[in-house]
Structures are given as structure tokens and as C-alpha cells.
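The report that follows goes through selected local features of one protein model, from backbone geometry to a pair of annotated sites, a sheet and a cavity.

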Amino acid sequence: MEQSHILQLLVLLVMFFLASQVYSEPRGLRVDLIHVDSKGNYSKLELLQRAALRSNHRMARLIAKTTKAVDSGSKVQAPVHAGNGEFLMDLAIGTPSLPFPAILDTGSDLIWTQCKPCTDCFEQPTPLFDPLRSSTFSRIPCSSDLCQALPTSTCKSDCNYLYSYGDSSSTQGVLASETFAFGSTAVSDIAFGCGDANQGAGFSQGSGLVGLGRGPLSLISQLGLGKFSYCLTSLDESKKSPLLFGSLADLGGGAEKVQSIPLVKNPSQPSFYYLTLKGITVGSINLQIPSSTFELQDDGTGGLIIDSGTSITYLELAGYKMVRKAFLSQMQLPVADGTDISLDLCFSLPSDSSTVEVPKLKFHFDGADLDLPADNYMIVDSSTGLLCLTVMPSHGMSILGNFQQQNMQILYDLENEKLSFIPTQCDQL
């Protein structure tokens, strides 16, 4: 073979190798989950109190976002830890890498962390990320599709953003790209918000947030792996549980117990994961709630979303009233005031009893029944003598919160547009 032909062949082989590296994608990732306030010395009721206050604000703002939209016409994994309403995933950012514990949020898209120099920032458990010390930091130009995907942005030389959440918290800064490390797996060129003005009471035990919504800015969209799963431990545990991406996200054993629900899209709010809630049972009573109560309306209002960033469940007022009435009629305890902990329905525990029976709560979805254990909808604190229902009323949208998702392994399969779940002891995964 002539020397020139050999040289051409070598060039083609090198080009093929480089192309395979550029277009190869990670097949899976794992992250362990931890709850936000797991390191604080809080009782279960205090944990929920802190979370409920943020959830009330978040619920109102999520509904407002829907209304506004209508009016304006590889093996990737990470640890997650339990806290007081939100959950943290552990990852790292930059080169060299800096630890980055971030709130896990399926109700939003943007990934962000606090950056130096920070003009208005909350205290965080890890050092602030310094873009000048990272060799892989790069600002994203205004012409980028990801810059255009931001709900609020301004452009001069950089893509500057303002991103707000349902609990009135916000982050403001510049959109950039970086290398993120999920354990031993590093993924380059992930777009994120480098925030220099950030506000929010729920952020202080993390260093930012990772959005897992449907939009192009979210981590799941940028990874392009098509599915992810998580398993959230109960509030009073600091043990880790996994957040899994791609091929690792398949649910484990006991396939006969896996149930699936179709995911529904809302063009007015394309980032949210909507589920069709058809009915509710309290105790032995299948409540006669009109079928339209939880429906997603043609104008984009209504419906029910599943959200890891909202702590408790919110039900459209008409449906909630029937749930509340059913609990009142079936509970054999005096009603107590739950105003101080931002919960609507509480009962006084008897001083001479260590156990209390509560009615079963079951949600009937399109294709699956979520039969909740009592720990997933009642919160008890013997020090205050209160037993409270972790469900609240809403107007315009219903939300399945993370308190109701405890010890459920949940798989978001975007390729097949379905959500699957199976009861699991999450801290044993």
C-alpha cells in the first residue's frame, strides 16, 4: 500500500475515534439523596412546619405561573439525602471540582449554584464556586438556544438571567457551562446558572438547585438519557438513597408490584409532569368527587403535577373539602388547631395511647392506585400532642408532594411517557 494511502487511512481512523468520543453519551448516572434539614436537630413536626411554610408559597407561585402562561397566550448516579421538605443531591462542579450539594426539583428546569463574586447570597455549607479557578468554565452566548429557553433573560455580552420559584425565592446571574461530576462520572458542557444574587429560606442547606423538569435547561434534558428515578427516604432519616439516570433507572425486583401512570403534557406549562387523578378513597369510602375536579383544562389550568420540590400534597379545593370531611367523620380524636405549623387539619393525641388508628388514604390515577402508608400522609409529634394531615387545599392546580412519595421508588420514563412506582425501603437501595 502506498504511503499516502496509509496516511489517509490513519487520518480517517483518528477522525472516527474523535467523532465517537464527541457523540458518545453516558448510559447512566447515580446520585444519593439527602433531605435538606437532616443535619438539624428538629422533630418530625418541626421539619414539616419548616417545609409547609415554603410549600404554601411554592404552590401559589406554581399556580400563578400557569395562569401567566395562559394569559400570555453512561451510568450517571448521585447520592441524595433527606431533610425538612426538600432533598439534596451530592455532585461536584468545575475543574478542579468543588462539592456541590443541590436541591432536587422536578418542578423546575434550571441548574444553578452561587458564584463569586456574590453580591446577595445566602450562607451555604460549601465554598462558593469561583469561575476564575475553573479551567472548564465558559459563558454561554446570547445566541444560544439555551439562553432563549430562559423565562427571563437580558443580553449584552453575556446571557443574564432571573429565575424565580414557587416559594418566592430566586436566583440571578449569568448562564454558563461547566463540567459536572456525578461520583466518578464527569459530564462536560452542562449549562447552569452562575448566580451572584440569590434569595430563599429553603436554599441555605445547599449550594444551589438542580432542575429535573421537562424543559431544555434541566439536567435530564441536557443528559439526554430519557429516564431517571429516585427514592426518597422518610423525614427523620439522614441515610442516603439513589438518584439514577439512564439504564440504571430501571426499577428493581418485584416487577409484579410495579404500577404505571401515563404522563400528560400541558402546552401551557411544558416543564411540569402531569398525572391524571381520577378519584380518592378515605378509609372504605370512595369519595364521590366530580371527575372534572382534577382535570387539566383546555386553557392550561387545573390538573395535578408530581413535584419533588413541594413538601406536602395540595388538592383542588372541592376535592380537598371532601377528603377533609371524610377524615373528620372517621377519626376518633378531637380536632386541634394546626395554624402554627401551616397545616389545615390536626387532631389532639390522647396522652395515654402510644398508637392511633387512622383511615387509609388512596389516590386513584389513570392506570394505578397509590395506596399510601399512614406515615406518608399523617405527621405525629408526641411532644406537642398533634397528629396532622399533610394535605392542604389549593385553587387552580393540584400537587403530589414529596412527603407522599416517601419510600417509593419512582421512575420517570420520558421515552415512553409514563411514570412508574413501587413501594421500597429507600435507604436500603
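S342 is found in the loop between β20 and β21, where strands (E, at least two residues) are DSSP runs numbered from the N terminus. The structure is a predicted model, in which local features need pLDDT of at least 70 and side-chain atom pairs count only at pLDDT 80 or more, while totals for chains, interfaces and linings use all residues. Residues are numbered from 1 along each chain as its sequence is written, and side-chain values use heavy atoms, with hydrogens and water left out.

**Backbone geometry**

Although S342 is not a glycine, it has a positive phi of about 60°. With 13% relative accessibility, S342 counts as buried, a class that means under 20% relative accessible area, with exposed meaning over 50% and partly exposed the range in between (1.4 Å probe, protein chains only). D189, which is not a glycine either, also has a positive phi of about 60°, but this residue is found in strand β10 (residues 185-199) and is exposed, with a relative accessible area of 58%. For context, most residues other than glycine have a negative phi, and most peptide bonds are trans. Two peptide bonds that are cis are set out in the table, together with the place of the proline in each.

| Cis peptide bond | Omega | Place of the proline |
|---|---|---|
| T95 to P96 | near 0° | P96, loop between β3 (87-93) and β4 |
| K116 to P117 | near -10° | P117, loop between β5 (112-114) and β6 (138-139) |

**The annotated positions**

The unreviewed UniProt entry places the feature "active site" at D105 and D307; UniProt positions are given in the numbering used here, feature names are shortened, and annotations may be inferred rather than shown by experiment. These positions span 203 residues in sequence, yet no two of their C-alpha atoms are more than 7.0 Å apart, so they gather at one spot.

D105 has its place in strand β4 (residues 98-105) and is buried, with a relative accessible area of 1%. Its side chain makes a polar contact of 2.7 Å with the side chain of S108; a polar contact is a pair of N or O atoms within 3.5 Å, of which, within protein, one must be able to donate a hydrogen and the other to accept it, and residues adjacent in sequence count only if both atoms are side-chain atoms.

D307, by contrast, has its place in the loop between β18 (304-306) and β19 (313-316), and is buried with a relative accessible area of 0%. The side chain of D307 reaches the backbone nitrogen of G107 at 3.2 Å, and a polar contact of 2.6 Å joins the side chains of D307 and T310. T310 is likewise found in the loop between β18 and β19, and at 0% relative accessibility it counts as buried.

**A long-range pair**

P79, found in strand β2 (residues 75-81), is buried, with a relative accessible area of 17%. Measuring from C-alpha to C-alpha, P79 and L243 are 6.3 Å apart in space, although 164 residues separate them in sequence.

**An open sheet of four strands**

Strands of a sheet pair through backbone hydrogen bonds, either parallel or antiparallel. Here four strands form an open sheet in the order β20-β21-β25-β24, with antiparallel pairing, where two strands pair if DSSP finds at least two bridges between them. At the edges stand β20 (335-336) and β24 (378-381), each with a single partner strand, so one side of each is left without a neighbour in the sheet. β20 is joined by two bridges to strand β21 (residues 346-348), and the two run antiparallel; V335 stands opposite F347 in β21.

**The second largest cavity**

On a 1 Å grid over the protein atoms alone, a cavity is a set of points where a 1.4 Å probe fits but cannot get out, and its lining residues have an atom within 4 Å of a point. The second largest cavity holds about 80 Å³ of space, the volume being the space filled by probe spheres set on the points, which are joined across faces, edges and corners. Among its lining residues are I261, L275, F365, M408 and F421, and the elements that give two or more residues to the lining are β28 (408-413) and β29 (418-423). By class, the lining has ten nonpolar, two polar and no charged residues, where Ala, Val, Leu, Ile, Met, Phe, Trp, Tyr, Cys and Pro count as nonpolar, Asp, Glu, Lys and Arg as charged, and the others, Gly among them, as polar.

Key
1 Å grid on protein atoms, 1.4 Å probe; cavity = no way out; pocket = protein on both sides within 12 Å on 5 of 7 lines; lining within 4 Å.
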